[in-house]
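Let's take a walk through the charged side chains of this protein and see who pairs with whom. Have a look at the model first, then we'll go pair by pair.

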Amino acid sequence: MILRRISTAFRKQDWFTVAVETLIVVLGVFLGIQLGNWNDARALRAQETELLQELRQEIETSIRVTDQKADAIGQVVDAGERSLDFMASDGDCGADCWPVLVDFFHASQWQPIDVNQSTYSEMRRQGFPRARDVIDAVEGYLSQNATLTSTQVIPAYRSRVRQLIPFDAQAHYWSNCYDLNDGAETYVLDCPKGVSDEVAAETVSKIAGNPDIEPLLTEWAGLMYSTPSDLAEQNESARRAIAVIDAELEQRR
């Protein structure tokens with residue numbers, strides 16, 4: 001209809017009408033493009049907001065899991081220290097060798113400490129977050145975790161000491177001295193005896209008398225000694241990242 005009016009105005013040389021009708025066409029196209037851009041920006045913002053909420057949940061979950069791992073690693077270090085103290089003493093556990101054997105086993109535990117960052121990786125793939133302060137806060141937290149995990153290796157002590165522990169004792173340990181619940185490992189100190197006193201005493205003597213054990217355990221316990229406090233600092237960085245995300249989400253309401 002507009003084109004027909006413009007064509008008619010051209011034939012009549014009604015330049016005012018031509019100008020007005022042309023302006024209407026241009027303005028309509030412009031407004032249509034602007035409306036499309038506005039809808040796209042609104043959809044993009046909604047998508048980013050949803051991903052920010054998921055990122056917040058991902059970091060919160062990582063904080064909880066990291067707290068659990070820090071507690072477990074603290075138990076490993078404590079067991080390692082008790083085992084080293086035992087070997088530094090006369091090395092005689094008498095008739096109560098099972099707890100000493102359990103400590104040697106507890107001290108051999110290892111678990112990964114890397115955090116889940118699947119949501120953040122997906123956000124970066126899509127060009128999110130767009131706020132620089134959110135990126136800096138999250139990447140600061142993740143770089144702290146990357147520094148800790150870069151030196152994480154399965155200890156040689158783990159393999160060496162377990163080679164010296166009888167199968168029956170290991171089977172009993174996994175059923176009664178170890179618990180895995182929702183990804184959190186717990187090591188039970190007062191678990192019931194899994195082998196006879198004679199077998200426990202013989203095994204402890206074999207472990208304590210092996211020349212590889214003390215230096216390997218010293219290395220492992222020393223390496224892990226500061227890990228619980230390092231993970232606590234990592235969680236503080238994670239909480240700061242959550243605070244920045246919360247501020248960004250508040251602006252979007």
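How many residues apart are arginine 125 and glutamate 122 in helix α4? Just 3, so about one helical turn separates them. Keep in mind that we're working with a predicted model here. In it, these two side chains form a salt bridge, with the closest N and O atoms 2.6 Å apart. Helix α4 itself covers residues 118–125. As for surroundings, arginine 125 is exposed, at 62% relative accessible area, while glutamate 122 is partly exposed, at 28%. Elsewhere, salt bridges with shared partners join Glu48, Arg130, Glu248 and Arg252 into one network.

Now for a pair that reaches across the sequence. Arginine 56 forms a salt bridge with aspartate 246, and the closest N and O atoms are 2.5 Å apart. Arginine 56 sits in helix α2 (residues 15–88) and aspartate 246 in helix α10 (residues 227–251), so this contact ties together parts that lie 190 residues apart in sequence. Arginine 56 is partly exposed, with a relative accessible area of 22%, and aspartate 246 is partly exposed too, at 30%.

Stay with those helices for one more pair. Arginine 239 and aspartate 67 meet through their side chains in a salt bridge, at 3.8 Å from N to O. Here the arginine is in helix α10 and the aspartate in helix α2, so to speak a link between distant parts of the chain, 172 residues apart. Arginine 239 is partly exposed at 36% relative accessibility, and aspartate 67 is partly exposed at 33%.

Across the whole structure, the tally comes to 13 salt bridges.

Notes
Residues numbered from 1 in each chain as written. Predicted model: local features only at pLDDT ≥ 70, side-chain atom pairs only at ≥ 80, totals over all residues. Heavy atoms only, no water. Salt bridge = Lys/Arg side-chain N within 4 Å of Asp/Glu carboxyl O. Helix = DSSP H or I, 4+ residues; strand = E, 2+ residues; numbered from the N terminus. Buried < 20%, exposed > 50% of the residue type's maximum accessible area, 1.4 Å probe, protein only.
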